[in-house]
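Here is a quick tour of one protein model, with an eye on strands, charges and backbone oddities. Have a look at the structure first, then read on.

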Amino acid sequence: MFASPCDILAEMDLSGVNVQILDYRWSANERIWDRQDLFVLRYRPELAPISLSAHLDDGRVQDFGRVMFFPARTKVETTSAKVTERTRNVMCAFTDQWFRQIWPERPDWSAADLARCYDLRNVRIEQAMRQLGEEVASPGFASQLMAESLTRMIAIDVARHFRPEDRPMRVRTSEGRLSERELGRIYDIIDSASNKTPTTEELSNECGISSAHLRRTFKRTTGVTLHRYVADVRLGKARALLAESDLSLKEIAFKLGFSGPCTFSSTFKKASGETPDGYRQRLRSLS
């Protein structure tokens, strides 16, 4: 994903910032490392996770999310890729001088900070990166000005994300229900999860409320249980991968956090009434 072969599909050079849309590719068992003098933000439009993970200095392994931030002059080393993959990125690379205008006092990046960097869960940044990619792919009127505005907003949001006083606010409920904003935040966490399904405990920690309160208010607000919603999202990702890729059941099972292809197949059949292979063959017979 870093110092690995890539195809640049579109590019826009701004003052102090370079934006690219590119496809990275790597082979099974390949390990990748990188160290750049630029601050780099990457966004993966695809929902499906990737098999590479980051090795942190404290020995932990951190999965890469859909939005990844790589501080300048920080070594990045991955685990061995489990499968051969290609992944599309919208990449925004900031020079140190440009970035210093936005964030003059930046932290010394600890392993805990880097873990947050590599799976940067921030809806505003994700939405802005998606819009930036669309602007670069299909430039319209005043595209340079639009891109410059987006990159500045993105850099500010990155700085706010890592400042201690700007930690996410505690979710507050009214009359036992979640607000539209709070519910959207929970949806975003679940939808953007990589390599595994977030547990109720992880979601409740993100929201700052107890697991029991989260389950109760989610059901009261949406009419479905939190467990059912999470399972439906994972089933939707499975259907998309079966329909839109040639990945094996083993590869799909890994991407979605199942223990193996057998568990994936039985779960899929129980939820949809047909096997993953049967679903894929039925769709292809219709095309």
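What follows walks through a central strand, some salt bridges and two unusual backbone angles.

Keep in mind that this is a predicted model. Let's start with strand 9, which runs over residues 85–94. Buried means under 20% relative accessible area. By that cut-off, 8 of the 10 residues of strand 9 are buried, so the strand is largely enclosed by the rest of the structure.

Who are its neighbours? Strand 2 pairs with strand 9 in the antiparallel sense, over 10 bridges. To find your place in that ladder, look for Leu22, whose bridge partner in strand 9 is Asn89. Strand 4, residues 39–43, also pairs with strand 9 in the antiparallel sense, this time over 5 bridges. Here a handy marker is Tyr43, which has Val90 as its bridge partner in strand 9.

Now for the charges. How many salt bridges does a search of the whole structure find? The count comes to 13. Three of them are set out below.

| Salt bridge | N to O distance |
|---|---|
| Asp7 and Arg86 | 3.1 Å |
| Glu77 and Arg31 | 3.3 Å |
| Glu274 and Arg282 | 2.8 Å |

Take the Asp7 and Arg86 salt bridge. Asp7 sits in strand 1 (residues 6–14) and Arg86 in strand 9, so this pair ties together parts that are 79 residues apart in sequence. Asp7 has 31% relative accessibility, so it counts as partly exposed. The two also belong to a network of salt bridges that links Asp7, Asp23, Arg25, Arg86 and Arg88.

The salt bridge between Glu77 and Arg31 links distant parts of the chain too: Glu77 is in strand 8 (residues 76–78) and Arg31 is in the loop between strand 2 and strand 3, 46 residues apart. Glu77 is partly exposed at a relative accessible area of 30%, and Arg31 is partly exposed at 45%. As for the Glu274 pair, its partner Arg282 is partly exposed, with 39% relative accessibility.

Finally, the backbone. Most residues other than glycine have a negative phi. Which way does the phi of Asn29 go, positive or negative? It is positive, at about 75°, although Asn29 is not a glycine. Asn29 is in the loop between strand 2 (17–26) and strand 3 (33–34), and at 62% relative accessibility it counts as exposed.

Ala142 is another non-glycine residue with a positive phi, about 55°. You'll find Ala142 in the loop between helix 3 (123–137) and helix 4 (143–162). Its relative accessibility is 32%, so Ala142 counts as partly exposed.

Technical notes. Residues numbered from 1 in each chain as written. Predicted model: local features only at pLDDT ≥ 70, side-chain atom pairs only at ≥ 80, totals over all residues. Heavy atoms only, no water. Helix = DSSP H or I, 4+ residues; strand = E, 2+ residues; numbered from the N terminus. Buried < 20%, exposed > 50% of the residue type's maximum accessible area, 1.4 Å probe, protein only. Pairing = 2+ DSSP bridges. Salt bridge = Lys/Arg side-chain N within 4 Å of Asp/Glu carboxyl O.
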